[in-house]
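This report covers charge pairs, surface patches and cysteines. Please load the sequence and the coordinates before reading on.

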Amino acid sequence: MAESLELTDKDLSAPAKEFFELKYDMTTWAALLGTLFGYLCPYIQDVWTVRKILDEDEVEELHESFLAVYCRQITCAMIFDGRSYFNPSKAVTPEDFTMGYPDIPSPN
């Protein structure tokens with residue numbers, strides 16, 4: 001019991017407050033989900049699509065427009081979308097977790 005109380009006393013990391021933190025968080029989230037559930041899972045493909053949009057040059061040029069509130073709204077939307085996708089009342093089939101590989105560009 002004491003151990004679990006100690007764990008709850010720690011500060012949680014704050015959600016992204018600027019564009020590059022959001023992009024980093026989305027990359028990490030997509031990689032984690034892909035590792036756990038396979039990259040052909042429709043939810044992971046949606047997360048990766050958002051990540052690829054953030055990587056577009058035109059979007060990155062607007063990085064100053066991504067205020068903390070917008071970055072956090074995007075983060076919350078992804079969390080809520082994941083909760084609805086992995087909802088226990090939804091029938092999930094093995095095909096939802098078929099292993100695949102993402103379209104990740106190699107570094108320059």
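## Arg 51 and its partner

Arg 51 has a relative accessible area of 13%, so it counts as buried. The model is a predicted one. Arg 51 makes a salt bridge with Asp 55. The closest N and O atoms of this pair are 3.7 Å apart. Asp 55 is partly exposed, because its relative accessible area is 33%.

The pair is part of a wider arrangement. Lys 23, Arg 51, Asp 55 and Glu 60 are joined into one network by salt bridges with shared partners.

## A contact between helices

Which residue pairs with Lys 23 in a salt bridge? The partner is Glu 60, with 2.8 Å between the closest N and O atoms. This contact links distant parts of the chain. Lys 23 sits in helix α2, Glu 60 in helix α4, and their positions lie 37 residues apart in numbering.

Is Lys 23 buried or exposed? Its relative accessibility is 13%, below the 20% limit, so Lys 23 counts as buried. Glu 60 reaches 26% and is therefore partly exposed.

## Salt bridges overall

How many salt bridges does the structure hold? The count is four. One of them joins the side chains of Lys 17 and Glu 21, at 3.3 Å from N to O.

Both ends of that pair can be placed by accessibility. Lys 17 has 47% relative accessibility, so it is partly exposed. Glu 21 has 27%, so it is partly exposed as well.

## Negative surface patch

Glu 56, Asp 57, Glu 58 and Glu 61 form a patch of negative charge on the surface. Glu 61 belongs to the loop that runs between α4 (57–60) and α5 (68–85). At 64% relative accessibility, Glu 61 is above the 50% limit and therefore counts as exposed.

## Nonpolar surface patch

Which residues make the nonpolar surface patch? They are Trp 29, Leu 32 and Leu 36, and the patch covers about 290 Å². Trp 29 is located in helix α2, which spans residues 19–37. The relative accessibility of Trp 29 is 32%, so this residue is partly exposed. Helix α2 also holds Lys 23, from the contact with Glu 60.

## Met 78 and Val 47

Met 78 is a residue of helix α5. With 10% relative accessibility, it falls under the 20% limit, so it counts as buried.

How far apart are the C-alpha atoms of Met 78 and Val 47? The separation is 7.4 Å, although the two residues are 31 residues apart along the chain.

## Cysteines

Cys 41 counts as buried, because its relative accessibility is 0%. Cys 71 also has a relative accessible area of 0%, so it is buried too.

How many disulfides are there? The count is zero. A disulfide is a covalent bond between the sulfur atoms of two cysteines. The rule applied here asks for a pair of cysteine sulfur atoms within 2.5 Å. By that rule the model has zero disulfides.

Methods. Residues numbered from 1 in each chain as written. Predicted model: local features only at pLDDT ≥ 70, side-chain atom pairs only at ≥ 80, totals over all residues. Heavy atoms only, no water. Buried < 20%, exposed > 50% of the residue type's maximum accessible area, 1.4 Å probe, protein only. Patch = residues over 30% accessible without salt bridge, like charges linked within 9 Å, V, L, I, M, F, W, Y side chains within 5 Å. Areas by Shrake-Rupley, 256 points an atom, 1.4 Å probe, with all protein chains shown as cover. Lys, Arg positive; Asp, Glu negative; His and termini not counted. Charge placed at Lys NZ, Arg CZ, Asp CG, Glu CD. Helix = DSSP H or I, 4+ residues; strand = E, 2+ residues; numbered from the N terminus.
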